[in-house]
Amino acid sequence: MNQQTPTLKVENLRTHFFTKMGVVKAVDDVSFTVGRGEVLGLVGESGSGKSVTGFSVLGLVDPPGRIVEGSIAFNGQELTSLPEKRWRDIRGSKIAMIFQDPMMTLNPVLRIDTQMIEAIRAHDSSISKEEGYQRCRDALGQVGIPSPEERLKSYPHQFSGGMRQRVAIAIALLNKPDLIIADEPTTALDVTIQAQILYEAQKLCRETGTALIWITHDLTVVAGLADRICVMYAGKLVEQGHIDDVLDAPLHPYTRGLIGSVPSRNKRGAALYQIPGMTPSLIKLPPGCAFRDRCERAQAKCREEPVITHPEPDRAVRCFFPHLGESL
Ligand SMILES: Nc1ncnc2c1ncn2[C@@H]1O[C@H](COP(=O)(O)OP(=O)(O)O)[C@@H](O)[C@H]1O
Ligand SMILES: [Mg+2]
């Protein structure tokens, strides 16, 4: 494989749900790449299509939903045309998912060591129990769990929420996947703990070359830690770029609004800016920019469909009137 081949390259992905109420365009033209050891933050309000994007990459979209268009290349291999079984094999061994609720990963009635060793041996049955145990101990240590020896003998309910999520991350890392998709895994936790867990996950991915997609509705969580950021709105990718570029000079009015609602970026004592209005329903979205009713820059032109443009190298924006050359 070419050194330059990104771990994941998603192009023009569209995943729609064909419901009785109409077609829900949950993911509608989303493109991004993640390289080895890189962290991509996938950000947007609830209902913007972040989870469906993650499930699409994993091949876990069930009827009435399906991928209607686009390409998902994993280590250079196209996944969308693979038979279900091949996709499942890749999913099990090379791509791991971490969910919002760690109990989706953890079995409540088994000790942590039992489940971790099982996870390793399901992948490679030649590993001895002793060797497996050693790897479990190391993995818990790596995600910042103190006295791993003792903790291995515990059951999931004996851990705090944050510790439970760390265990789920340790399990995801056990078999050294090429890609981890973490879907709002820390949302239920304190913001400081969220940042700490992402920091540890990022460090491990840097060391192992694992690519990480961190999905969150909260921009602050990924602000200091992601390499790149994708902003989604109503199923569409509206902005993408290097995290510093996007935070310093966001191009899309929606991204500006998101950053404006982050306290640390505001002057102390100033009222927190909130984007007016609500996310539109994704059923029968009128043509044109879906953000226009909430956008202070909207003009008649915005009734037409904006396409992605690249006003600067390595940056993308979907807007007729982006904030060009305007720092925050
Ligand atoms: N199984 C489904 N059937 C119909 N619509 C769905 C289904 N799953 C998700 N959706 C719709 O897809 C849109 C995007 O959902 P989702 O990806 O979960 O958003 P996010 O993760 O950004 O909160 C939502 O409007 C949601 O209602
Ligand atoms: Mg979601």
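In which sense do strand 7 and strand 8 pair, and over how many bridges? They run parallel, with five bridges between residues 179-183 and residues 211-216, and the views below start there. This is a predicted model, in which local features need pLDDT of at least 70, side-chain atom pairs count only at pLDDT 80 or more, and totals for chains, interfaces and linings use all residues. Residues are numbered from 1 along each chain as its sequence is written, chains are lettered from A and ligands numbered from 1 in the order in which they are written, and side-chain values use heavy atoms, with hydrogens and water left out.

**View 1. Strand 7 and strand 8 sit side by side in a seven-stranded open sheet.** The order is 6-7-8-3-9-10-11 and the pairing is mixed. Strands here are DSSP runs of E with at least two residues, helices are runs of H or I with at least four, and both are numbered from the N terminus; two strands pair if DSSP finds at least two bridges between them. Strand 6 (95-98) and strand 11 (316-317) are the edge strands, each pairing on one side only. Zoom in on Ala182 and you'll find Trp214 of strand 8 as its bridge partner.

**View 2. Helix 10 (residues 253-260) lies across strand 3, strand 9 and strand 10.** Helix 10 runs at about 105° to strand 9 (228-233). Such angles run from 0 to 180 degrees between N-to-C directions, using lines fitted to C-alpha atoms (for helices, over the stretch in contact), where contact means heavy atoms within 4.5 Å.

**View 3. The other sheet is open too, with four strands in the order 2-1-4-5.** Its pairing is antiparallel, and the edges are strand 2 (22-34) and strand 5 (77-78), each pairing on one side only. Strand 1 and strand 2 make a hairpin with two residues between them, paired over nine bridges; look for Lys9 opposite Thr33. Strand 1 (residues 8-19) also pairs with strand 4 (residues 65-74), over eight bridges, and there Phe17 has Gly65 as its bridge partner. Helix 1 (residues 50-58) lies across strand 1, strand 2 and strand 4, at about 110° to strand 1.

**View 4. Ligand 1 is surrounded by 13 residues.** A residue counts as near the ligand if one of its heavy atoms lies within 4 Å of it, and the closest are Gly47, Gly49, Lys50, Ser51 and Val52. Now for the polar contacts (pairs of N or O atoms within 3.5 Å). Oxygen atoms of ligand 1 lie 2.7 Å from a polar backbone atom of Gly47, 3.1 Å from a backbone N or O atom of Ser48 and 2.8 Å from a side-chain N or O atom of Lys50. On its own, ligand 1 has 560 Å² of accessible area (Shrake-Rupley method, 1.4 Å probe), and the protein covers 64% of that area. Strand 1, strand 2 and helix 1 each give two or more residues to the shell, and helix 1 gives the most, with three.

**View 5. Two loops beside strand 4 hold backbone oddments worth a look.** In the loop between helix 1 and strand 4 you'll find Pro64; the peptide bond from Pro63 to Pro64 is cis, with omega near 10°. In the loop between strand 4 and strand 5 sits Asn75, a non-glycine residue with a positive phi, near 50°.

Note on methods:
Polar contact = N/O pair within 3.5 Å; in protein donor to acceptor, adjacent residues only side chain to side chain.
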